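These are my notes from going through one model, entry by entry. I wanted to look up the loops, the core and the confidence before using any of it.

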Amino acid sequence: MVNKSLNIRGNQDTAVDISIQALSFLAANEEILGQFVEQTGFSFDHIRSVANTTEFRIAMLEFLLSDESVLLTFCSNTSIDPSSIQPARDNLNAILSNEL
């Protein structure tokens with residue numbers, strides 16, 4: 001029998017890993033980072049101070065999900081299955097709910 005809490009923890013760890021890769025992807029792609037800043041309202045200085053927060057991680061994944069071409073570019077660059085981004089976002093939301 002699979003320990004459900006262990007499985008959830010693994011999913012949350014995977015979600016955090018994906019969000020870290022998303023931050024690296026954004027940082028390496030100036031044009032896409034500019035789109036992210038424009039869409040989310042985060043300033044470059046603010047990104048530095050919130051990059052490790054669950055809220056910011058959710059915002060990055062929501063940004064990826066909002067633009068299919070950016071999503072597919074990210075997934076191609078990182079070898080991440082595009083269908084894993086929404087569950088990762090949902091898992092980060094669950095982490096956030098537990099933090100509140």
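Where is serine 79 found? I located serine 79 in the loop between α5 and α6, and I noted that this residue has a positive phi of about 60° although it is not a glycine. I then looked up its accessibility: serine 79 is exposed, because its relative accessible area of 68% lies over the 50% cut-off.

Since the model is predicted, I checked the confidence next. The protein averages a pLDDT of 88, and 88% of the residues score at least 70. Over residues 1–8, however, pLDDT stays under 50, and for this stretch the model has one contact beyond four places in sequence, so I treat no detail there as settled.

I turned to the largest nonpolar core, which has 31 residues; Leu26, Phe36, Phe56, Leu61, Leu64, Phe74 and Ile85 are those with the most contacts inside it. Each of α1 (4–28), α2 (30–40), α3 (44–50), α4, α5 (68–78) and α6 (85–99) supplies at least two residues of this core, and the largest share, seven residues, comes from α4.

That led me to α4 itself, residues 54–66, where I compared length with expectation: at 1.5 Å a residue its 13 residues should span 18 Å, and the end C-alpha atoms are 18 Å apart, which agrees. I listed its buried residues as Thr54, Phe56, Arg57, Ile58, Ala59, Met60, Leu61, Phe63 and Leu64.

Last, I followed phenylalanine 56, which, leaving aside residues up to four places away in sequence, touches Leu23, Phe36, Phe42, Ile47, Val50 and Ala51.

Methods:
Residues are numbered from 1 along each chain as its sequence is written. This is a predicted model: local features need pLDDT of at least 70, side-chain atom pairs count only at pLDDT 80 or more; totals for chains, interfaces and linings use all residues. Side-chain values use heavy atoms; hydrogens and water are left out. Helices (H or I, at least four residues) and strands (E, at least two) are DSSP runs, numbered from the N terminus. The expected span of a helix is 1.5 Å times one less than its number of residues. Buried means under 20% relative accessible area, exposed over 50%, partly exposed in between (1.4 Å probe, protein chains only). A nonpolar core is a set of buried Ala, Val, Leu, Ile, Met, Phe, Trp, Tyr and Cys residues joined through side-chain atoms within 4.5 Å. Contact means heavy atoms within 4.5 Å. pLDDT is the predictor's confidence in each residue, from 0 to 100.
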